[in-house]
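Got the viewer open? Grab the mouse, and let's walk through this one stop at a time.

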Amino acid sequence: MLKRAIIVGASSGMGEALARRLAREGYKVGLVARRQEELDRIAGEINGSGAPRAFTAAHDVTDTQGARDCFDALVQRLDGLDALIYTAGVMPPVGAEEFDPAKDRSIVEVNVIGAMTWLDLGAERFQIQGAGTLVGVGSVAGDRGRRGQPAYAASKAALHTFMEALRNRLATKGVQVLTIKPGPTHTPMTADIEKMPMAIDADQSADGIFRAMARGADTAYVPIQWLPIMAVIKSIPSVVFRRMPLD
Ligand SMILES: NC(=O)c1ccc[n+]([C@@H]2O[C@H](COP(=O)([O-])OP(=O)(O)OC[C@H]3O[C@@H](n4cnc5c(N)ncnc54)[C@H](OP(=O)(O)O)[C@@H]3O)[C@@H](O)[C@H]2O)c1
């Protein structure tokens with residue numbers, strides 16, 4: 001039987017690339033995001049002229065009340081669920097109004113509250129069925145509080161800790177809980193950023209995420225080169241870190 005995955009944030013970037021990769025690996029996929037036309041385009045390309053393998057659901061993750069109905073409907077269309085991947089995220093450009101609580105709230109609503117809502121739905125189901133894979137896409141940015149994007153970094157740190165707690169809670173229930181920490185990646189989110197050290201493309205990112213899922217990993221830096229780099233960066237004392245030219 002085909003495996004089944006829901007990808008939240010599937011309309012562009014890493015989520016789109018992962019949807020295509022999972023479909024190539026023999027999954028049926030449920031695609032969630034706000035832009036129905038983009039979801040239809042991707043599902044159409046995956047499905048081609050064969051039997052439908054990709055299903056779509058337009059949904060705004062800030063509508064936490066609507067999440068359960070959306071989740072249940074997709075699980076029904078997929079005829080079950082083996083993996084739930086939360087890759088939806090927002091990162092507004094650094095601007096003059098960096099100290100802007102409305103902007104910070106909008107980041108937390110998508111990157112943290114939306115993630116918790118969807119990952120809770122997956123956790124609840126996978127705990128009962130005693131199997132499943134939960135994936136949360138964080139960021140290397142969540143490993144340290146740099147000067148730029150404080151709310152974005154904090155949102156990813158919150159997601160990392162939430163994933164760790166879910167992992168500890170579900171460790172004995174047969175559920176894989178995987179935290180992905182991507183480095184800079186060429187996607188629509190980063191289209192306006194000029195300096196992107198060691199950047200990879202979305203397909204390479206999807207490959208790293210898929211491989212981490214397949215090997216049953218807990219946490220994966222994508223690409224792996226960020227593992228030793230972040231180990232060094234995390235070990236730098238705060239008093240030194242704040243003097244370093246890292247935005
Ligand atoms: N690109 C990087 O360098 C990088 C590095 C580290 C981590 N990340 C993380 O990787 C993940 C994927 O990002 P990406 O680079 O692939 O960016 P992207 O191309 O902008 O994709 C973001 C996805 O999130 C969805 N989304 C945003 N707000 C939403 C909302 N309110 N409701 C439902 N879906 C929403 C978007 O769909 P709609 O707009 O159609 O709703 C889109 O599918 C994000 O969590 C990001 O923080 C990215």
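A polar contact here is a pair of N or O atoms within 3.5 Å; inside the protein, one of them must be able to donate a hydrogen and the other to accept it. Keep that in mind for the opening stop, and keep in mind too that this is a predicted model.

**Stop 1: strand β1**

Select R4, which sits in strand β1. Show its side chain and look for the backbone oxygen of D79: a polar atom of the R4 side chain lies 2.3 Å from that oxygen. Is R4 buried or exposed? Its relative accessibility is 9%, so R4 counts as buried. Beyond the four places on either side in sequence, R4 touches Y27, K28, L78, D79, G80, L81, D82 and A83.

Slide along to I6, also placed in β1, the strand made of residues 3-8. With a relative accessibility of 0%, I6 counts as buried. Show what surrounds I6 and you'll pick up G30, V32, F71, L74, V75, L78, L81, A83, L84, I85 and W118, leaving out residues up to four places away in sequence. For a distance to draw, try I6 to A73: 67 residues separate them in sequence, and their C-alpha atoms are 11 Å apart.

**Stop 2: the odd backbone spots**

Go back to D79, the partner of R4, and find it in the loop between α3 (64-78) and β4 (83-86). Check its phi: near 65°, a positive value in a residue that isn't glycine. Most residues other than glycine have a negative phi, and most peptide bonds are trans. D79 is exposed, because its relative accessible area is 53%.

Now jump to Q149, in the loop between β5 and α5. Q149 isn't a glycine either, yet its phi is positive, at about 55°. Buried or exposed, this Q149? Buried, with a relative accessible area of 11%.

One more backbone oddity: center on V222 and P223. The peptide bond from V222 to P223 is cis, with omega near 0°. P223 belongs to the loop between β9 and α7 (226-235).

**Stop 3: helix α5**

Color residues 150-170, which make up helix α5. How far apart should the ends of its 21 residues be? At 1.5 Å a residue the helix should span 30 Å, and the C-alpha atoms at its ends are 30 Å apart, so the two agree.

Next, show the buried residues of α5: A151, Y152, A153, S155, K156, L159, H160, F162, M163, L166, R167 and L170. What do they pack against? Turn on α4 (101-129), β5 (132-137), β6 (175-182) and β9 (219-222), and you have the partners.

Pick L170 for a closer look; this residue of α5 is buried, with a relative accessible area of 2%. Setting aside neighbours within four places in sequence, L170 is in contact with A123, Q127, L134, V175 and V177. Measure across to F126 as well: L170 and F126 are 44 residues apart along the chain, with 8.9 Å between their C-alpha atoms.

**Stop 4: the ligand**

Select the ligand and expand to the residues around it. There are 30 of them, and the closest are S12, R34, R35, Y152 and T187. By type, the shell divides into 13 nonpolar, 13 polar and four charged residues.

Now look at the ligand's oxygen atoms. One oxygen lies 2.6 Å from an N or O atom in the side chain of Y152, a residue you've just met among the buried ones of α5. A ligand oxygen is also 3.2 Å from a polar backbone atom of G9, and a backbone N or O atom of A88 is 3.4 Å from an oxygen of the ligand. How much of the ligand does the protein cover? On its own the ligand has 880 Å² of accessible area, and the protein covers 94% of that. Which elements give two or more residues to the shell? Those are α1 and α5.

**Stop 5: M14**

Finish in helix α1, residues 13-24, by selecting M14. At 15% relative accessibility, M14 counts as buried, since the cut-off is under 20%. Its contacts, again skipping residues up to four places away in sequence, are T87, V137, P182, T185, T187, A202 and S205. Draw a last line to T187, one of the residues closest to the ligand: M14 and T187 are 173 residues apart along the chain, but their C-alpha atoms are separated by 7.2 Å.

Methods
Residues are numbered from 1 along each chain as its sequence is written. This is a predicted model: local features need pLDDT of at least 70, side-chain atom pairs count only at pLDDT 80 or more; totals for chains, interfaces and linings use all residues. Side-chain values use heavy atoms; hydrogens and water are left out. Helices (H or I, at least four residues) and strands (E, at least two) are DSSP runs, numbered from the N terminus. The expected span of a helix is 1.5 Å times one less than its number of residues. Buried means under 20% relative accessible area, exposed over 50%, partly exposed in between (1.4 Å probe, protein chains only). Contact means heavy atoms within 4.5 Å. A residue is near a molecule or strand if one of its heavy atoms lies within 4 Å of it. Accessible areas come from the Shrake-Rupley method with a 1.4 Å probe; for residues, only the protein chains shown count as cover. Ala, Val, Leu, Ile, Met, Phe, Trp, Tyr, Cys and Pro count as nonpolar, Asp, Glu, Lys and Arg as charged, and the others, Gly among them, as polar.
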